[in-house]
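Trainee: I would like a close look at one part of this protein. Please start with the whole, then move in.

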Amino acid sequence: ETASNLTAGTRLTAGAGGTWALTGASGCTGQASDVQIRGGTVKAHGTSLADTAKVNISSGDLTVASSETIASLAGAGGTVTLGANTLTLANANGGTYAGVIGGTGGLTLSGGTTETLSNTNTYTGLTTVSGGILDVTGSIGSTGQAIDVQISGGTLTAHGTSLAAPA
């Protein structure tokens, strides 16, 4: 399915199976926009999600088809597939994400609240914290894999073995 030009206040719920491709610069716009992924795949293309979109994943996948900015990421599971792209969390709302973020792309936190990553995340790109707090209670990277972190105006908190160390 393809969705474009969703208006303010739209709630997109992706259920089990299938793929939603979000296209168009005005997709999912407005302060109250909400994307619930409960199975299947939602492919976000660049500006197809508003910077104010709140994304919640309980199962299924958010595929970042080109670099994307959203307000927050939360949910009990599922995956975020970055490919070689960057997902920026403007983080006006904060969130806890217990799923897995993977790919060769990176993650940027630019907001003023706390985003918590509580699972084993396998993405290998740059982690940038330019505002707010990135609280890693899970992990980023894996043993033997060097990770790149840039902190410029924010805080990274890591618990236990949450940041990979070279073998």
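Trainee: How much area does the protein expose, and what share of it do carbon and sulfur atoms supply? Then take me through strand E5 and what surrounds it.

Mentor: The protein exposes about 6,700 Å², and carbon and sulfur atoms supply 51% of that area. Accessible areas come from the Shrake-Rupley method with a 1.4 Å probe; for residues, only the protein chains shown count as cover.

A word on the ground rules. This is a predicted model, where local features need pLDDT of at least 70 and side-chain atom pairs count only at pLDDT 80 or more, while totals for chains, interfaces and linings use all residues. Residues are numbered from 1 along each chain as its sequence is written, and side-chain values use heavy atoms, with hydrogens and water left out.

The protein has 19 strands and 0 helices. Both are DSSP runs numbered from the N terminus: at least two residues for a strand (E), at least four for a helix (H or I). Of the 167 residues, 48% are buried. Buried means under 20% relative accessible area, exposed means over 50%, and partly exposed lies in between (1.4 Å probe, protein chains only).

Now to E5. This strand spans residues 54–66. E5 runs parallel to E4, joined by 10 bridges. Two strands pair if DSSP finds at least two bridges between them. Within that pairing, Val-35 stands opposite Val-55 in E5. E5 also runs parallel to strand E7 (residues 72–74), with 3 bridges. There, Asn-56 has Ala-74 as its bridge partner. A further parallel pairing, again over 3 bridges, links E5 to strand E8 (residues 79–81). Here Leu-62 is matched with Val-80.

Val-55 is a good place to pause. Leaving out residues up to four places away in sequence, Val-55 touches Val-35, Ile-37, Leu-49, Leu-62, Ile-70, Ser-72, Leu-73 and Ala-74. Contact means heavy atoms within 4.5 Å. Val-55 is also one of the residues with the most contacts inside the largest nonpolar core, along with Leu-73, Val-80, Leu-87 and Ile-101. That core has 28 residues. E4, E5, strand E9 (86–89), strand E12 (106–109) and E16 each supply at least two of its residues. A nonpolar core is a set of buried Ala, Val, Leu, Ile, Met, Phe, Trp, Tyr and Cys residues joined through side-chain atoms within 4.5 Å. In soluble globular proteins, nonpolar side chains tend to be buried together.

Next, the loop leading into E5. Ser-48 lies between strand E4 (34–45) and E5. Ser-48 counts as buried because its relative accessibility is 1%. Its C-alpha is 5.6 Å from that of Leu-22, although the two are 26 residues apart in sequence.

At the other end of E5, look at Ser-66. Gly-83 is 17 residues away from Ser-66 in sequence and 8.4 Å away in space, C-alpha to C-alpha. Gly-83 sits in the loop between E8 and E9. At 30% relative accessibility, Gly-83 counts as partly exposed. Beyond four places in sequence, Gly-83 touches Gly-102, Gly-103, Thr-104 and Gly-105.
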